[in-house]
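Hi everyone, thanks for making time this morning. I'd like to walk you through one structure, so let me put it up on the screen.

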Amino acid sequence: MSDLIKLTAADLAAKIAAGDVSAEEATRAHLDRIAEVDGRVHAFLHVDDAGAVEAARAVDARRAAGEKLGPLAGVPIAIKDVIATKGIPTTAASKILEGWRPPYDATVMTRIREAGMVMLGKTNMDEFAMGSSTEYSAYGPTYNPWDLTRIPGGSGGGSAAAVAGYEAPLAIGTDTGGSIRQPGAVTGTVGAKPTYGGTSRYGLIAFSSSLDTPGPVARTVLDTALLHEVIAGHDPRDSTSIPLPVPDVVAAARQGATGDLTGVRVGLVKEFSGEGAEPGVMAVYRDTVEALTKLGAEVVEVSCPHFQYALPAYYLIAPSECSSNLARFDAVRFGLRVGDDGRNSLEDVMSLTREAGFGDEVKRRIIIGTYALSSGYYDAYYGQAQKVRTLITRDFTSAFEQVDVLVSPTTPFTAFELGARTADPYQMYLADLYTIPTNLYGGPAISVPAGLSDGLPVGLQIMAPTMADDRMYRIAAAVESTVGTFTPPAL
Amino acid sequence: MAAISREEVAHLARLSRLAVTEQELDRFAGQLDVILQSVARVGEVAADDIPPTSHSVPLVNVLREDVVVPGLTREEALSGAPDSAEDRFRVPQILADEE
């Protein structure tokens, strides 16, 4: 295994900037690693070898010409397959988009290219980002590099596994109910959900538009912050993009790395302090809270009484939005068409195409969303869920009057075995119990590795107020400075 | 009592343009019932006077500068279509012959 793949993105970028390593060498080292291990991990749905080498050479040429390049120039990156990449297959892990090559780049992708970063390929995920294990991919599951019989989390299991397995130093995920943070927790990587509106949704295949948030995945907190800085910021092409400066997440990560949290007030979410979580997860969580105290933080318990209703509210709001968003898959403008035999009507062709193109979980959510939005049930389901969303937001607002950040375990359980939760879809939903409240509120949250339970990674979740993304990076970096990083067994 | 019947699931699937199979209906009806019974817990919250939140960012009437920027060409816009004809998306017949 080449030493280049073990470097952090920050160190690799520094070597490339100093001329010790070319972007092409860095890229080839990662492509070699993908060729070596991805048959077993299956983090990628598409590897763009030729495009990656070409992009790396272009960066090397620009550097040779004396051009000033960004802090991550030449560093390879993996992109979740829900992000539109011009000319490169983009499927959202669905059969309905098999073979689609978008005619444009998502804003996140445009910024990555402008930063001189090198896209290695597209990562596996639960179909349309609906799931918590990557088992709902139409192209087969991803396997956790820590234990190939276990799930890598979801929906962004491919991005997390690629980073954990040293196939890429960095990756992009998207987080609607925990799809960046929960995979981060179960693969021992760092995953951040920025403030909703802090990163652009333009070119992100929509699942639940009021919740979807692209964000960074990496092995260290500083790397995560460096990537956050590249992709964040106002985008006129996304009307919900926030027209404010990006919080200085990189400075916050460096400050946190000093390990001094004197004067920081940390709130423990009372409602997430035990029930439903594995004992091993809670043991790591308690140790980490103890460590925060030793770093100087003032730790208090805070009650957020409506958080217990976040999961049910989410599983009404997200399916409702998805049932509307996925109406665009109509067998006309892109993707699959089935049954167009000259006799079937347009409506029949749509129904046959959607039946053939969507997997079970996507169909279940479309049906639930259609139900929750139907006239007889709207007030009791969708309308009521939106009111609960208001109450959850108020819980956050009042908590942040008392503390600077809230913490909890990221997910109630460590990586489970493949197949363990697919028979009962609701058991799968429980993986997102602790991550969902933040999405409903819209604030930022990060998962940072906190320890191991029976040899499997456990994450600490840090939640911060809207547009205070820097705060969570400071705490996360402080945690990392005291517990260290975690390396999976050799693949 | 079940929150949702097999017949309701079949009706919702039709509305959603999903040509689900009998086997899927058997499977989904039970699964969706479990999910709906669980999410119905939102009804436990007393929220009559609470305004709904549709979106976490309180922005209204977001406008941008009215500047012409290049868009997709016709060829690009049609590049992913399953079928096209005469520079347009081709759709299956919408009206039956006798109409």
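Before we look at the first strand, one definition: I call a residue buried when its relative accessible area is under 20%. And please keep in mind that this is a predicted model.

So, let's start with strand S2 of chain A, residues 76–80. How many of its five residues are buried? The count is five of five, so the strand is mostly covered by the cut-off I just gave. Now look at where the side chains go. In a regular strand they alternate between the two faces of the sheet. Here Pro76(A), Ala78(A) and Lys80(A) point one way from S2(A), while Ile77(A) and Ile79(A) point the other way. Both sets are buried, and that includes Lys80(A).

Next, the neighbours of this strand. S2(A) runs parallel to S3(A), and five bridges join the two. How does the chain get from S2(A) to S3(A)? The path goes through helix H4 of chain A, residues 107–114, and this β-α-β crossover is right-handed. S2(A) also pairs with strand S4 of chain A, residues 170–175, again in the parallel sense, over two bridges. If you want one residue to find your way by, take Ile79(A). Its bridge partner in S3(A) is Lys122(A), and in S4(A) Ile172(A) stands opposite Ile79(A).

Let's follow the chain past S3(A). Thr134(A) sits in the loop between strand S3, residues 118–123, and helix H5, residues 157–164, of chain A. Is Thr134(A) buried or exposed? With a relative accessible area of 0%, Thr134(A) counts as buried. What does its side chain have for company? A polar atom of the Thr134(A) side chain lies 2.7 Å from the backbone oxygen of Gly153(A). Looking back along the chain, Thr123(A) is eleven residues away in sequence from Thr134(A), and their C-alpha atoms are 10 Å apart in space.

A second buried polar residue deserves a moment. Asn325(A) belongs to helix H10 of chain A, residues 310–325. Its relative accessible area is 12%, so Asn325(A) falls under the 20% cut-off and is buried. The side chain of Asn325(A) makes a polar contact with the side chain of Ser209(A), at 3.0 Å.

Now for the empty space, beginning with the pockets. The largest pocket has a volume of about 530 Å³. Which residues come closest to its centre? Of the 24 that line the pocket, they are Trp100(A), Tyr104(A), Gly203(A), Arg328(A) and Phe334(A). As for the character of that lining, 14 residues are nonpolar, three are polar and seven are charged.

Then the cavities: there are three of 30 Å³ or more. The largest has a volume of about 80 Å³. Its lining has 15 residues, with Gly198(A), Ala232(A), Val246(A), Pro247(A) and Met467(A) nearest the centre. Eight residues of that lining are nonpolar, six are polar and one is charged.

The second largest cavity has a volume of about 60 Å³. Lined by 13 residues, this cavity has Ala129(A), Gly131(A), Ser179(A), Tyr314(A) and Asp432(A) closest to its centre. Here the lining divides into five nonpolar, six polar and two charged residues.

That's my tour. Thanks for listening, and I'm happy to go back to any part of the picture.

Definitions and conventions: Residues are numbered from 1 along each chain as its sequence is written. Chains are lettered from A and ligands numbered from 1 in the order in which they are written. This is a predicted model: local features need pLDDT of at least 70, side-chain atom pairs count only at pLDDT 80 or more; totals for chains, interfaces and linings use all residues. Side-chain values use heavy atoms; hydrogens and water are left out. On a 1 Å grid over the protein atoms alone, a cavity is a set of points where a 1.4 Å probe fits but cannot get out, and a pocket is an open set with protein on both sides within 12 Å along at least five of seven lines; lining residues have an atom within 4 Å of a point. Grid points are joined across faces, edges and corners, and a volume is the space filled by probe spheres set on the points. Ala, Val, Leu, Ile, Met, Phe, Trp, Tyr, Cys and Pro count as nonpolar, Asp, Glu, Lys and Arg as charged, and the others, Gly among them, as polar. Helices (H or I, at least four residues) and strands (E, at least two) are DSSP runs, numbered from the N terminus. Buried means under 20% relative accessible area, exposed over 50%, partly exposed in between (1.4 Å probe, protein chains only). A polar contact is a pair of N or O atoms within 3.5 Å; within protein, one must be able to donate a hydrogen and the other to accept it, and residues adjacent in sequence count only if both atoms are side-chain atoms. Two strands pair if DSSP finds at least two bridges between them. A crossover is right-handed if, with the strands pointing away from the viewer, the path from the first strand over the helix to the second runs clockwise.
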